[in-house]
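Here's a quick briefing to read with the model open in your viewer. Grab a coffee and click along as you go.

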Amino acid sequence: MKEILVVGGGAAGIAAALSAAEAGGRVTILEGLNRPGKKLLVTGNGRCNLGNTRIAPECYHTARPDRLKVLLKQMPATLTTDFFERWGLMTMADEAGRLYPYCRQASMVVDVLLLALQRRGVAVETDCTVTEAFWDRGGFTVKSSQGSRWRSDALILAAGGKAAPKQGLNGGGYALAKGFGHSCTPLYPCLTALRCTHSALRGLKGIRVLCTVALCAGGREIARESGELQLTEYGVSGIPAMQLSCRLGAQKGANVSVDFFPDCSMRALHTLLRRRAEECPDSTLEDAFLGLLHKRIMYALMKEAGLSPLSRTVRTLRPEELARLAELLKNWRLPVEGPMGWEQAQVTGGGIALQEIGDDFQSRCRPGLYLAGEVLDVAGECGGYNLHWAWCSGILAGRRAVGEAEL
Ligand SMILES: Cc1cc2nc3c(=O)[nH]c(=O)nc-3n(C[C@H](O)[C@H](O)[C@H](O)COP(=O)(O)OP(=O)(O)OC[C@H]3O[C@@H](n4cnc5c(N)ncnc54)[C@H](O)[C@@H]3O)c2cc1C
């Protein structure tokens, strides 16, 4: 029986261990924390959005989309659902194709997986931080900071990335992979809030607003997202901002442009404001435009347009001031300082270069070494894409690790 070591007991490591054990390997997971699957408990706000029925390369970010496309071809959504069905977890998809456990409990996903590991006889070593891994005398030697040492025929590196350090050991997998000759593309926090500099933000803290947000840099639009934006004292959060963070990369001088009325053209909005103004020339600006948008946002935009909502009457409003207000409602610009740090990020952008692994997730630097999950240069958007990548890369790596070891 082939000995398989898996470094990391997260989604990718557990999936790899289970499929390697099913394929006939003797498998041990080495996990630095006191239990495997800890991060899974907080995924999807405790509901675990474990996959998506609409897997497509466009839902992922990587330096090598060509390689990703090939790898994803082997990973239909059913690879995830079949995997969970096999271990007894009922799943369901919502109207957007997002897959969840039927009971909507992330803890149930972990319970099912831990039971499966037990049933399959996978050994789990916890509180075991791997610090060294190398190839010698026809096998892998792995050492932990606690002084333990293991040998194996194949090694699966599924140690995750740098995001959310409170939920797992962070970043150690890159050094282990580099020890085998791998290279790493630049790492950046993904699926995180954006830090913006704008004096109005402090007063808008806590407001959630449905809108469209565009990320712009160098005079062009890089990406656009719609949904519920959360305004915070430090910038913008919520799913649209998180999605945009994946597109920010190392961009400098970027802006987000918020369109509070995406379904209304600039011209139509301008006409609407003008009609309102004409209907009540003696009203204050506050009263004239009441009911259009969250009051605090409207105040902030009027202030930015140089208008005082309470002391100015509509009669005193100049056409260029009205046009400026319409412009701000459609294109409110917030200079972006950068993404929030690793603490808030849900996933790591960048990682071990995809051209350095084969279609079977085997290292092209060291045969018998496999890489799976977030440690690789793949970051998915919100919607279950990251866990899909983690499970599926783990499943494929686990299967092939046993197959290759048997050759
Ligand atoms: C708050 C939050 C919510 C999320 N929600 C979703 C969601 O709903 N849907 C979705 O698709 N994705 C979600 N994600 C992203 C998803 O959780 C990750 O992409 C996925 O868990 C990556 O799996 P992984 O196994 O590669 O890495 P991880 O889950 O990070 O697992 C790696 C494991 O390796 C261990 N480890 C690291 N280094 C060592 C070492 N040297 N020795 C031993 N062990 C080591 C770590 O402790 C960890 O347990 C969320 C992330 C966060 C932070």
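Let's start with G349, which sits in strand β19, residues 347–349. This is a predicted model, and in it G349 is buried, with a relative accessible area of 0%. Leaving aside neighbours within four places in sequence, G349 touches P186, L187, Y188, C190 and A379. Y60 is 289 residues away from G349 along the chain, yet the two C-alpha atoms are separated by 9.9 Å.

**Around the ligand**

- There are 32 residues around the ligand, and E31, K39, N49, E374 and L387 come nearest.
- The side chain of E31 puts an N or O atom 2.7 Å from an oxygen atom of the ligand.
- Backbone atoms join in too: a polar one of L169 is 2.9 Å from a ligand oxygen, and a polar one of G384 is 3.4 Å from a ligand oxygen.

**Strand β9 and its partners**

- Strand β9 covers residues 139–144, and five of its six residues are buried, so the rest of the structure largely encloses it.
- On one side of the pairing list is strand β8 (residues 130–136), which runs antiparallel to β9 and is joined to it by six bridges.
- If you want a register check for that pair, F134 has T141 in β9 as its bridge partner.
- β8 and β9 make a hairpin with two residues between them, and R137 in that turn has a positive phi of about 45°.
- β9 also runs antiparallel to strand β10 (residues 149–152), this time with four bridges.
- Here the register can be read from K143, which stands opposite R149 in β10.
- β9 and β10 form a hairpin as well, with four residues between them; G147 in the turn has a positive phi of about 95°.

**Rings and charges**

- The structure holds eight aromatic pairs.
- One of them is F84 with W391, an edge-to-face pair at 4.8 Å centre to centre and 85° between the planes.
- That pair links distant parts of the chain: F84 belongs to helix α3 (residues 77–86) and W391 to helix α12 (residues 385–406), 307 residues apart.
- Both F84 and W391 are buried.
- Add F83 and you have one aromatic cluster made of F83, F84 and W391.
- For charges over rings, look at R47, which lies over the face of Y100 at 4.8 Å from the ring centre.
- R86 does likewise with W87, lying over the ring face at 4.5 Å from the ring centre.

**Backbone angles to look at**

- Most residues other than glycine have a negative phi, so a couple of spots deserve a click.
- R104 is a non-glycine residue with a positive phi, near 55°.
- You'll find R104 in the loop between β6 (98–101) and α4 (106–119), where R104 is partly exposed, with a relative accessible area of 32%.
- F361 isn't a glycine either, but its phi is positive at about 70°.
- F361 lies in the loop between β19 and β20 (369–371).
- Is F361 buried or exposed? With 0% relative accessibility, F361 counts as buried, because the cut-off for that is under 20%.

Note on methods:
Residues are numbered from 1 along each chain as its sequence is written. This is a predicted model: local features need pLDDT of at least 70, side-chain atom pairs count only at pLDDT 80 or more; totals for chains, interfaces and linings use all residues. Side-chain values use heavy atoms; hydrogens and water are left out. Rings of Phe, Tyr and Trp (its six-membered ring) pair if their centres lie within 6.5 Å; planes under 30 degrees apart count as stacked, over 60 as edge-to-face and the rest as tilted. Buried means under 20% relative accessible area, exposed over 50%, partly exposed in between (1.4 Å probe, protein chains only). A charge sits over a ring if NZ of Lys or CZ of Arg is within 6 Å of the ring centre and within 35 degrees of the ring normal. Two strands pair if DSSP finds at least two bridges between them. Contact means heavy atoms within 4.5 Å. A residue is near a molecule or strand if one of its heavy atoms lies within 4 Å of it. A polar contact is a pair of N or O atoms within 3.5 Å; within protein, one must be able to donate a hydrogen and the other to accept it, and residues adjacent in sequence count only if both atoms are side-chain atoms.
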